[in-house]
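Reader: I have just opened my first protein model and would like some help reading it. Could we go through a few features together?

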Amino acid sequence: FARQVGGDDVSVTMLLRPGCEVHAYEPTPKDIIAIRNADVFIYVGGESDAWVKTVLEGVDNPNLRVVTLMDCVELLDEETVEGMQTEKHDHDHAADDTEPDEHVWTSPRNAARICRKLADTFAAADSAHAAAYAQRCGDYVEKLNQLDAEFQDVVEHAARKTMVFADRFPLRYFADAYGLDYYAAYPGCADAAEPSAATVAFLIDKVRAEGIPVVFTIEL
């Protein structure tokens, strides 16, 4: 999103390398220097980015503008749906504790909100190119709106509206946007990676019972 909105007027650096496990990421000294030298720092927010607060408190850059993606949208809680493997909680926590789902960008409508926030932030940091940021943002949001309409059309004419995800489920916002039902092994940011036999059996039974032709997994 930052590259689309910023174009040639910004230099975008991604701290996490492709394939890096975001839930276990810790910044290197080089990463901290990059943040200190930046004009804008963008991060998702939530528990996976708990390290950010500590780093920002130690970064001596009073002009640094920070964009938290989770602050750009209306948040949804992670949810435990039927058949999903639940994780054991500490005695200090209630079994029904929920956290906001961090995967806010998976809905095109949220993506549009995020892009508008980035355009405003870039313009505040670099007023000379404000019109260019606004133009690129408008062009990209138009594409996102078209994608949203295409998704809506597909769902409205679909034979079924149920997804099965043999993994953590990162598409809470996408599913909510289009009225989709889903079954998955875990919520989006679960720590565990080995579902119980009962969870596996439930998902297999669901696929068979509803004649679902596709099971989704995460590549990594």
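Author: Happily, and let us begin with disulfides. A disulfide is a pair of cysteine sulfur atoms within 2.5 Å.

Reader: How many disulfides does that rule give here?

Author: The count is zero. Take Cys 115: the nearest cysteine sulfur belongs to Cys 137 and is 5.6 Å away, which is too far for a bond. Keep in mind that this is a predicted model, where local features need pLDDT of at least 70, side-chain atom pairs count only at pLDDT 80 or more, and totals for chains, interfaces and linings use all residues. Residues are numbered from 1 along each chain as its sequence is written, and side-chain values use heavy atoms, leaving out hydrogens and water.

Reader: Are Cys 115 and Cys 137 buried or exposed?

Author: Buried means under 20% relative accessible area, exposed means over 50%, and partly exposed lies in between (1.4 Å probe, protein chains only). Cys 115 has a relative accessible area of 0%, so it is buried. Cys 137 is buried too, with 6%.

Reader: Which residues of helix α3 are buried?

Author: Helices here are DSSP runs (H or I, at least four residues), strands are runs of E (at least two), and both are numbered from the N terminus. In α3, residues 50-58, the buried ones are Trp 51, Val 52 and Val 55. They lie on the same side of α3 because they cover an arc of only 100° around the axis, taken from the directions from the helix axis to the C-beta atoms. On the other side, Ala 50, Lys 53, Thr 54 and Glu 57 are exposed.

Reader: What covers the buried residues of α3?

Author: The cover includes α2 (29-36) and β1 (40-43). Contact here means heavy atoms within 4.5 Å.

Reader: Where is Glu 102 found, and what does it touch?

Author: Glu 102 sits in the loop between β2 (65-68) and α4 (108-125). Leaving aside residues up to four places away in sequence, Glu 102 touches several residues, including Val 44, Met 70 and Cys 189. Another residue it touches is Glu 47, whose backbone nitrogen lies 2.9 Å from a polar atom of the Glu 102 side chain.

Reader: Which side chain of opposite charge is nearest to Glu 102?

Author: That is Arg 168, 9.9 Å away. A salt bridge needs a side-chain nitrogen of Lys or Arg within 4 Å of a carboxyl oxygen of Asp or Glu. Glu 102 is buried yet has no salt bridge.

Terms used. Lys, Arg positive; Asp, Glu negative; His and termini not counted. Polar contact = N/O pair within 3.5 Å; in protein donor to acceptor, adjacent residues only side chain to side chain.
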